[in-house]
Amino acid sequence: MDAKLAKDLNKQINNELFASYLYLSMSAWFEDQNWPGFAHWMRLQAKEELDHAMKIFDYLNDRGVAVILDGIAAPKTTWDSPLEAFKDALDHEKQVTKNFLDLMDLAISLKDHASQIFLQWFVTEQVEEEKSTGDVVAMLEKIRGSVGAVFQLDRQLGKREDD
Ligand code: FEO
């Protein structure tokens, strides 16, 4: 595999692990703020991000590329409101989408067809990731100021199933 693509895919493992750490930090904050449903949703999200990191980990191993793990940056630990936390999560997902589009552009320019097919899954997944987080942001914006409605949403997100 091309050295730059190998380096950028290694970097993406780190980005996914950071995302996992960030969402786990959000989950911890939601627990502390007594929002169990939001905490549950973020905890599952953290688990998904770990799965994403492992997909890239396995792909690099399958291609005979050394996986080099780097330090994971410390995530933010407090937010002003559930809305602010979910907005941060959405911003993060948009950044991750950009990372995958850049990786795809690189794989295309290198004519690395196997990597293009591998990255396709993530490009599709990011549509879903931005939608699910964006939907929560939109709902929180709509019910801003109504504690009762936020409680209802918390209960609803607490029903998210592990997939
Ligand atoms: Fe791994 Fe939420 O993107």
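## A tour of an all-helix model

Begin with the whole chain: 81% of the contacts in the protein with a separation of 6 or more are made by residues 24 or more positions apart, a contact being a pair with heavy atoms within 4.5 Å. This is a predicted model, in which local features need pLDDT of at least 70 and side-chain atom pairs count only at pLDDT 80 or more, while totals for chains, interfaces and linings use all residues. Residues are numbered from 1 along each chain as its sequence is written, and side-chain values use heavy atoms, with hydrogens and water left out.

Colour by secondary structure next, and five helices and zero strands should appear, in the order α-α-α-α-α along the sequence; helices here are DSSP runs of H or I with at least four residues, strands are runs of E with at least two, and both are numbered from the N terminus. Along the principal axes, the C-alpha atoms fill a box of roughly 55 × 25 × 25 Å.

Now select the buried residues, meaning those under 20% relative accessible area with a 1.4 Å probe and protein chains only, as against exposed over 50% and partly exposed in between; they make up 45% of the 163 residues.

Within that selection, pick out the largest nonpolar core, which has 24 residues, with Tyr23, Met26, Phe30, Phe38, Met42, Phe86 and Leu140 holding the most contacts inside it. Such a core is a set of buried Ala, Val, Leu, Ile, Met, Phe, Trp, Tyr and Cys residues joined through side-chain atoms within 4.5 Å. Two or more residues of this core come from each of α1 (3-32), α2 (36-62), α3 (82-109), α4 (113-142) and α5 (147-157), and the largest share, six residues, comes from α1.

Centre the view on Phe86: leaving aside neighbours within four places in sequence, Phe86 is in contact with Phe30, Phe38, Trp41, Met42, Thr133, Val136, Val137, Leu140 and Leu157. Apart from this core lies another, of 19 residues, among them Leu5, Phe100, Met104 and Phe122.

Return to α1 and select Ser25, which is placed in that helix and counts as buried because its relative accessibility is 11%. Beyond neighbours within four places in sequence, Ser25 is in contact with Pro75, Lys76, Thr77 and Trp79.

Finish on α3, whose 28 residues reach 41 Å from first C-alpha to last, close to the 40 Å expected at 1.5 Å a residue, where the expected span is 1.5 Å times one less than the number of residues. After α3 comes Lys111, with a positive phi near 55°.
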